Amino acid sequence: MAQYLEEMRNSEKMGVEEAKDPQTMILDYGGPNVAKPLHVGHLRSAIIGESIKRMGRYLGHKVIGDVHLGDWGLQMGLIITELHKRKPELVYFQEDYEGEYPTEAPFTISELEEIYPTASVYAKEHEDYREEALHATYLLQNGHRGYRAIWNHIVNISVADIKKNYQRLNVEFDLWKGESD
């Protein structure tokens with residue numbers, strides 16, 4: 001046993017042999033949804049995925065970590081609908097607006113984290129609100145200028161917050177792609 005441990009200690013990679021035929025792999029192991037805080041399920045998949053990525057790299061493979069954001073779908077329509085309900089005066093909701101949209105988001109990460117759950121609960125209780133959110137989702141996905149601008153704000157604010165949280169966990173992604181990509 002002592003001899004085996006000594007050989008490991010003197011080995012460049014602790015006795016681990018590198019892959020004879022290194023592969024390139026993309027590993028999707030994040031999965032957070034923008035506008036929602038991370039929860040324990042995200043923690044678990046992030047730690048497991050980061051571990052697999054590091055082991056693959058240690059073996060000599062090229063492993064690309066992808067966070068794969070949930071950034072498309074009804075959740076976006078719900079946020080847009082709730083924001084429209086709260087702040088109908090915003091230029092994003094003016095159909096005849098042709099100017100540049102503000103670079104500053106009309107909400108903070110804290111507000112965003114409150115808007116989505118409120119809208120989600122309300123939509124479950126009010127079919128007309130849910131239909132409005134589905135229509136907002138449809139318009140967003142079909143290029144509605146104002147809704148795309150709001151969506152960009154949502155993604156930018158959320159990703160900055162998500163990156164801070166993953167950094168605290170020492171989890172790093174090479175790609176920050178999402179469902180919209």
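Buried means under 20% relative accessible area, exposed means over 50%, and partly exposed covers what lies in between. These legends use those words throughout. The model shown is predicted.

**View 1. Asn170 sits in the segment after α6.**
Asn170 is partly exposed, because its relative accessible area is 44%. Its phi is positive, at about 60°, although Asn170 is not a glycine. Helix α6 comes just before Asn170 in the chain. That helix has 24 residues. From first C-alpha to last, α6 reaches 35 Å, close to the 34 Å expected at 1.5 Å a residue.

**View 2. Ala35 is another residue with a positive phi that is not a glycine.**
The phi of Ala35 is near 75°. Look for Ala35 in the loop between β1 (24-28) and α2. Is Ala35 buried or exposed? It is buried, because its relative accessible area is 2%. Ala35 also touches Ile79, a residue distant from it in sequence.

**View 3. The largest nonpolar core has 39 residues.**
Ile79, Ile150 and Ile154 have the most contacts inside this core. Four helices each supply at least two of its residues: α3 (74-86), α4 (109-125), α5 (127-141) and α6 (145-168). Which helix gives the largest share? It is α6, with nine residues.
Now focus on Ile79. Leaving aside neighbours within four places in sequence, Ile79 is in contact with Ala35, Leu112, Ile115, Tyr116 and Ile154.

**View 4. Helix α3 packs its buried residues against α4, α5 and α6.**
The buried residues of α3 are Gln75, Met76, Gly77, Leu78, Ile79, Ile80, Thr81, Glu82 and Leu83. The helix has 13 residues, so at 1.5 Å a residue it should span 18 Å. Its end C-alpha atoms are 18 Å apart, which agrees.
Lys85 also belongs to α3. Lys85 counts as partly exposed, because its relative accessible area is 49%. Which residues does Lys85 touch, not counting those up to four places away in sequence? They are Tyr122 and Tyr129.

**View 5. Glu6 and Arg9 form a salt bridge.**
Side chains of opposite charge can pair when their charged atoms come close. Here the closest N and O atoms are 2.8 Å apart. Both residues lie in helix α1 (residues 2-10). They are three residues apart, so about one helical turn separates them. An α-helix has 3.6 residues a turn, so residues three or four places apart point the same way.
The partners differ in cover. Glu6 is partly exposed, because its relative accessible area is 35%. Arg9 counts as exposed, because its relative accessibility is 58%.

**View 6. Arg54 and Glu50 meet in a salt bridge in helix α2.**
The N to O distance is 3.0 Å. Arg54 and Glu50 are four residues apart in α2, so about one helical turn lies between them. Which partner is buried? Glu50 is, because its relative accessible area is 5%. Arg54 counts as partly exposed, because its relative accessibility is 42%.
This pair does not stand alone. Glu50, Lys53 and Arg54 are linked in a network of salt bridges.

**View 7. Lys13 pairs with Glu18 in a salt bridge.**
How far apart are the closest N and O atoms? They are 3.0 Å apart. Lys13 counts as buried, because its relative accessibility of 18% is under 20%. Glu18 is partly exposed, because its relative accessibility is 46%. In the whole model, the count comes to eight salt bridges.

**View 8. Four residues make a nonpolar surface patch.**
The patch is made by Met14, Val16, Tyr58 and Leu59. It covers about 320 Å². Leu59 is found in the loop between α2 (40-58) and β2 (62-66). Is Leu59 buried or partly exposed? It is partly exposed, because its relative accessibility is 32%.

Key:
Residues are numbered from 1 along each chain as its sequence is written. This is a predicted model: local features need pLDDT of at least 70, side-chain atom pairs count only at pLDDT 80 or more; totals for chains, interfaces and linings use all residues. Side-chain values use heavy atoms; hydrogens and water are left out. Patches are made of residues with over 30% relative accessible area and no salt bridge: like charges are joined within 9 Å, nonpolar side chains (Val, Leu, Ile, Met, Phe, Trp, Tyr) within 5 Å. Accessible areas come from the Shrake-Rupley method with a 1.4 Å probe; for residues, only the protein chains shown count as cover. A salt bridge is a side-chain nitrogen of Lys or Arg within 4 Å of a carboxyl oxygen of Asp or Glu. Buried means under 20% relative accessible area, exposed over 50%, partly exposed in between (1.4 Å probe, protein chains only). A nonpolar core is a set of buried Ala, Val, Leu, Ile, Met, Phe, Trp, Tyr and Cys residues joined through side-chain atoms within 4.5 Å. Contact means heavy atoms within 4.5 Å. The expected span of a helix is 1.5 Å times one less than its number of residues.
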